[in-house]
Amino acid sequence: MKNRSPAFAGLTLLTLPVVTPLAAESVPVMVVTATRTPITADQALAPVTVIDRPAIETSGARDLIQLLRGLAGIDLTNSGGPGKPTGLYLRGTGAGHTLLLIDGVRVGSATTGTPAWQDLPLGLIDRIEVVRGPHAALYGSDAIGGVVQIFTRRGGGERHFDAAAGIGSHQRVEARAALSGRQGGLDYAVAASHQGTDGIDARQPTTGWYAVDEPDRDGYRNDALSLSLGHDLERGGRLGFTLLHADGDNEYDGAPDESDVVQQVMAFDLRLPLGERWQSSLQLARNLDRSEQFDHGAHYSTIDTRRHQITWQNDLTVDDDDLLTLGLDWYRDQAEGDTAYTVDRRDNHSLFAQYQWNRGDHDLLTALRHDDNEQFGGHTTGNLAWGYRIDRGLRLTASAGTAFKAPTLNQLYWPGSGNPNLRPEESATVEAGLTATPGWGEWSLHAFHSRIDELIDWAPDASGNWVPQNTSRARIDGVELELRGTFAGWRSHGQLTLLDPRDRDSDNRLRRRADHTLRLDLDRDFGALSAGATLFYQGRRFDDAANLTRLGGYALLDLRAGYRLDKQWSLQATLSNALDRDYQTVNTYNQPGAELFVAIRYAQ
């Protein structure tokens with residue numbers, strides 16, 4: 001008899017009544033990623049997690065990985081500490097199955113098919129929205145598990161300046177500064193950050209065909225700049241420009257042993273009202289992902305991928321309560337560098353439509369998109385979601401959606417091992433959820449089932465050569481529970497994810513996905529003093545498809561404290577992995593032990 005899913009084995013436990021003390025009143029939060037239009041988070045028919053700048057500051061997180069770790073549906077793997085390759089697995093899907101947007105721009109490598117999460121500077125981020133579930137009907141390829149959108153610093157309001165600097169374990173040094181405001185019809189924001197560390201020994205000694213034995217520290221440096229400019233036009237229009245540029249240097253064990261990396265996102269945005277019921281927006285953008293590898297100081301290789309994008313979106317109000325969204329996307333992926341790809345570029349054209357309908361306690365969303373890709377032809381995806389407010393504090397949602405992942409340029413055209421006949425990976429997901437806002441706070445429960453076909457894996461072709469092929473199938477069952485409130489003066493946020501991600505042919509668990517993840521955040525103010533803690537627990541995972549290499553579960557405790565010296569100055573100290581636990585998320589790759597960091601902040 002096959003093992004039952006731990007996700008559904010725990011469902012009865014999660015649906016037991018929750019009895020808790022008084023909580024703070026929740027304030028509606030605006031989001032745009034779930035529908036490509038502004039709505040409040042409680043209106044969204046897909047589960048959304050929002051992290052704003054105050055929450056980032058309070059968390060004491062040193063990088064994006066630490067900030068996102070353990071959020072509902074999110075599993076992260078890291079190969080050796082700060083700056084090292086990082087994979088984000090949303091709802092048990094693959095590392096390339098989450099779409100990353102930065103200020104509305106698609107971000108990621110066209111050759112590897114994944115974003116460089118480790119190189120995105122946390123100090124320049126104003127806000128993050130995580131939308132779980134398939135959203136290819138709005139955004140196209142990659143959005144199988146969901147979408148993560150990062151918004152950089154924005155201007156507006158009175159002039160504001162803030163800065164911070166700190167030092168910590170492993171010779172860690174950080175500094176950042178940001179200035180924002182508005183002058184007449186012009187809003188502006190400029191920010192810069194620096195991060196450097198000697199790091200840890202990234203990898204344990206290994207044997208075999210790729211033996212590594214380098215007991216040294218593998219450091220990381222990142223310098224970044226962001227800029228946002230906006231000018232108000234007549235009748236509510238706006239012309240804007242955003243730029244994010246991050247330049248990093250990373251050290252590794254093995255060959256190559258060092259890399260210089262660049263992440264750049266640049267966009268021009270124009271928003272115009274074309275009538276009382278018609279809002280039109282146009283975005284021209286470019287994403288650069290560049291990595292130059294070195295081995296003992298000598299050039300090893302260069303990989304440079306660029307994506308040029310154009311998006312035109314039109315939002316039309318219908319009958320006062322409904323919203324019709326129509327748009328088109330175009331983007332071109334292009335690879336440059338030392339590798340002579342058989343084909344080094346491809347274009348993708350798409351049309352999308354969405355209709356949001358509201359009648360009393362009922363909400364309905366339908367979306368449809370057709371992508372025409374120069375490499376594999378046409379692909380159509382759709383979403384259907386429904387919500388019903390059972391009473392003022394309880395809401396039921398249900399949805400179904402399809403999504404796909406286009407093959408990467410490496411999989412298609414890598415010299416000697418590419419397969420230009422690959423088809424897109426395809427998925428179908430159904431989901432049901434309950435959200436509630438009782439007097440003590442809020443909670444949500446979501447259960448989902450996903451099936452992914454045409455997964456790309458290495459297999460021998462007719463000539464016996466190992467090449468990427470559409471050979472695998474997956475099934476993912478999951479449950480997510482979130483609780484938020486204030487109990488005995490402590491602001492609390494608990495998140496639990498139970499997953500059963502399996503290969504449908506072998507019934508093995510999908511590699512590098514943990515079976516359950518728990519995160520609990522507690523924070524409280526005591527006058528000028530603040531204190532907080534994050535407890536993170538993650539269950540076992542397997543590092544290989546055959547489920548022979550098992551990585552055990554582990555628990556981490558992060559502690560933080562702050563003290564406000566006056567209205568402008570404050571101190572913060574964080575102790576990450578306070579219990580100094582040894583653990584791995586990728587086999588043979590080390591993770592930091594206990595780390596102390598102390599910072600001083602100024603804001604005016």
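Which residues does Ile128 touch, not counting residues up to four places away in sequence? Ile128 touches Thr49, Val50, Ile51, Leu64, Leu67, Leu68, Val148, Gln149 and Ile150. The model is predicted. This report starts from that residue and works outward.

## Ile128 and the largest nonpolar core

The largest nonpolar core holds 33 residues. Within this core, Leu64, Leu68 and Ile128 touch the most other members. Helix α4, spanning residues 64–68, gives the most to the core, with four residues. Leu64, Leu67 and Leu68 are among the contacts of Ile128.

Another core lies apart from this one. That second core has 13 residues. Phe376, Phe404, Leu455 and Ile476 are among them.

## The five-stranded sheet

Five strands make an open sheet with mixed pairing. Their order is β3-β8-β9-β6-β7. The edges are β3 (48–52) and β7 (105–107), and each of these pairs on one side only. Neighbouring strands are turned by 20° against each other on average, direction ignored.

Inside the sheet, β6 and β9 run parallel. Strand β6 covers residues 98–102, strand β9 covers residues 146–152, and five bridges join them. Leu101 has Gln149 in β9 as its bridge partner. Gln149 also appears among the contacts of Ile128.

## Hairpins at β10, β11 and β12

Strand β10 (residues 160–168) and strand β11 (residues 172–183) run antiparallel. Nine bridges join them. Phe161 stands opposite Leu179 in β11. The hairpin of β10 and β11 has three residues between the strands. His170 takes a positive phi near 60° in this hairpin.

β11 also runs antiparallel to strand β12 (residues 186–200). Here the count is 11 bridges. Ala175 stands opposite His194 in β12. Two residues lie between β11 and β12 in their hairpin. Gly184, in the turn, has a positive phi of about 65°.

## Strands β18, β19 and β20

Strand β18 (residues 322–337) and strand β19 (residues 345–359) run antiparallel, joined by 12 bridges. Leu326 has Ala353 in β19 as its bridge partner. β19 then pairs with strand β20 (residues 362–373), in the antiparallel sense, over 12 bridges. Ala353 has Leu368 in β20 as its bridge partner.

Which residue takes a positive phi in the hairpin of β19 and β20? Gly360 does, with a value near 65°. Two residues lie between the strands of that hairpin.

## Arg286 in β16

Arg286 is found in strand β16, residues 278–295. Arg286 and Arg306 are 20 residues apart along the chain. Their C-alpha atoms are separated by 7.1 Å. Arg286 touches Gln264, Val265, Met266, Arg306, Arg307 and His308, not counting residues up to four places away in sequence.

## Aromatic pairs

The whole structure has 10 aromatic pairs. One of them joins Phe536 and Tyr554: the ring centres are 6.0 Å apart and the planes stand at 55°, so the pair is tilted. The two residues are 18 apart and link distant parts of the chain. Phe536 belongs to strand β28 (residues 529–538), and Tyr554 to strand β31 (residues 554–564). Buried or exposed, which describes Phe536 and Tyr554? Both are buried.

Trp569 and Tyr602 form a tilted pair, at 4.8 Å centre to centre and 55° between the planes. This pair also links distant parts of the chain, with the two positions 33 residues apart in numbering. Trp569 lies in strand β32 (residues 569–576), and Tyr602 in strand β33 (residues 595–603). Why does Trp569 count as partly exposed? Its relative accessibility is 37%, and partly exposed runs between the 20% and 50% limits. Phe161 joins Trp569 and Tyr602 in one aromatic cluster. Phe161 is the residue opposite Leu179 in β11.

## Arginines over rings

Arg69 lies over the face of Phe536, 5.2 Å from the ring centre. Phe536 is thus named twice here: in the pair with Tyr554 and under Arg69. The charged end of Arg91 sits over the ring of Phe448, 4.2 Å from its centre.

Conventions. Residues are numbered from 1 along each chain as its sequence is written. This is a predicted model: local features need pLDDT of at least 70, side-chain atom pairs count only at pLDDT 80 or more; totals for chains, interfaces and linings use all residues. Side-chain values use heavy atoms; hydrogens and water are left out. Two strands pair if DSSP finds at least two bridges between them. Axes are lines fitted to C-alpha atoms, for helices over the stretch in contact, and angles run from 0 to 180 degrees between N-to-C directions. A nonpolar core is a set of buried Ala, Val, Leu, Ile, Met, Phe, Trp, Tyr and Cys residues joined through side-chain atoms within 4.5 Å. Buried means under 20% relative accessible area, exposed over 50%, partly exposed in between (1.4 Å probe, protein chains only). Contact means heavy atoms within 4.5 Å. Rings of Phe, Tyr and Trp (its six-membered ring) pair if their centres lie within 6.5 Å; planes under 30 degrees apart count as stacked, over 60 as edge-to-face and the rest as tilted. A charge sits over a ring if NZ of Lys or CZ of Arg is within 6 Å of the ring centre and within 35 degrees of the ring normal.
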